[in-house]
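Here are a few short exercises to work through with the model open in your viewer. Try each one before reading its solution.

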Amino acid sequence: MKLTILAASGGIGRHLLDQALAAGHEVTAVVRQPAKLADLTGSRAVQADRAVQTVPAGRTDRTRRPDPASQPESRPESRLLRVVQADLATADAAALLPAVTGADAVLSALGAVGKSGIGVAEHGTLAVLEAMRTAGIGRILVVSAAPIGTVASPARPHPPRHDPGDGFLMRHLLSPAVKRVLRAHYADLARMEDALRASDLEWTSVRPPQLTDRPLTTTYRIALDQNLRGGSKISRASVAHYLLRALDDPSTIGHAVGIAD
């Protein structure tokens, strides 16, 4: 399968990229800093071989192909990888069109890292949705967050007060506290989900709780349109695993999916 992965060098995004390549998928990785993928493509290949592997979004670079003998060794699976450089906080649909053209699906791990990145989830998603419509690509899966079902947004100004999957402590203590601290981040993700629901594409939004760096497990739980009772954590690797698993699951189309250990 041909996949485009947004924010492929981030926490979940990098797990997603590694797992997709290991499974034999052809991947276009969209990143702001291609050098972060140097271990896959070779440090000098990422920075210099723009005519072969690294293509700045929205332009064609005619830089002469470097001598392969001068390039550092890359991992074998890098033959399945193409890197597109783009700042998803500012890129428009035209800039992202080369990254999605020919893909079977788009997977997005977009999300703000710190206050300066707030808005990237909504902006990047709106841009890629438009690019997908232009390119005729229909399937998109994104990473959201467990509290988003109860976060107000322009399209859902009066969401449910509680998620049906949350227990007493989550409803009355943990979730309200986290939502106060991350209010702006969650508002960005809620607007991102508004954009998905308003689109005519086959979308799935995956809503994990607190993310950890624990190893991948395949024993995680999932639920459509609600969180998991007692599910307070999950590893980034496990979220990436589920995104790939859900690609061909039609029951997830048009739904948010709760996921937790």
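**Exercise 1.** Which residues form a nonpolar patch on the surface, and what is their accessible area together?

*Solution.* Keep in mind that this is a predicted model.
- Step one: the patch is made up of F168, L169 and L173.
- Step two: together they have about 360 Å² of accessible area.
- Step three: zoom in on L169, which sits in helix α6 (residues 168-181). Its relative accessible area is 55%, and the cut-off for exposed is over 50%, so L169 counts as exposed.

**Exercise 2.** Check the span of helix α5 (residues 120-135) against 1.5 Å a residue, then work out what its buried residues pack against.

*Solution.*
- Step one: α5 has 16 residues, so the expected span is 22 Å.
- Step two: the end C-alpha atoms are 22 Å apart, which agrees.
- Step three: list the buried residues, among them V120, G124, V128 and M132.
- Step four: look at their partners. The buried residues of α5 pack against two helices, α4 (93-100) and α7 (183-198), and against the strands β1 (2-6), β5 (105-108) and β6 (139-143).
- Step five: just past the helix comes G136, with a positive phi near 75°.

**Exercise 3.** Run the span check on helix α1 (residues 11-22).

*Solution.*
- Step one: with twelve residues, α1 should span 16 Å.
- Step two: its end C-alpha atoms lie 17 Å apart, so the check agrees.
- Step three: the buried residues here include I12, L16, L17 and L21, and also R14 and Q19.
- Step four: α1 is followed by G24, whose phi is positive, near 90°.

**Exercise 4.** Find a residue other than glycine with a positive phi near 60°, and decide whether it is buried, partly exposed or exposed.

*Solution.*
- Step one: D225 fits, with its phi near 60°.
- Step two: D225 is in the loop between β9 (221-224) and β10 (233-235).
- Step three: its relative accessible area is 39%, so D225 is partly exposed.
- Step four: for another case, try A7, also not a glycine, with a positive phi of about 60°. A7 is in the loop between β1 and α1.

**Exercise 5.** How many aromatic pairs does a search of the whole structure find?

*Solution.*
- Step one: the search finds one.
- Step two: the ring centres of Y220 and Y242 are 6.1 Å apart and the planes are at 80°, so the pair is edge-to-face.
- Step three: the partners are 22 residues apart, with Y220 in the loop between β8 (210-212) and β9, and Y242 in helix α8 (residues 236-246).
- Step four: Y220 is buried at 7% relative accessibility, and Y242 is buried at 1%.

Definitions and conventions:
Residues are numbered from 1 along each chain as its sequence is written. This is a predicted model: local features need pLDDT of at least 70, side-chain atom pairs count only at pLDDT 80 or more; totals for chains, interfaces and linings use all residues. Side-chain values use heavy atoms; hydrogens and water are left out. Helices (H or I, at least four residues) and strands (E, at least two) are DSSP runs, numbered from the N terminus. The expected span of a helix is 1.5 Å times one less than its number of residues. Buried means under 20% relative accessible area, exposed over 50%, partly exposed in between (1.4 Å probe, protein chains only). Contact means heavy atoms within 4.5 Å. Patches are made of residues with over 30% relative accessible area and no salt bridge: like charges are joined within 9 Å, nonpolar side chains (Val, Leu, Ile, Met, Phe, Trp, Tyr) within 5 Å. Accessible areas come from the Shrake-Rupley method with a 1.4 Å probe; for residues, only the protein chains shown count as cover. A salt bridge is a side-chain nitrogen of Lys or Arg within 4 Å of a carboxyl oxygen of Asp or Glu. Rings of Phe, Tyr and Trp (its six-membered ring) pair if their centres lie within 6.5 Å; planes under 30 degrees apart count as stacked, over 60 as edge-to-face and the rest as tilted.
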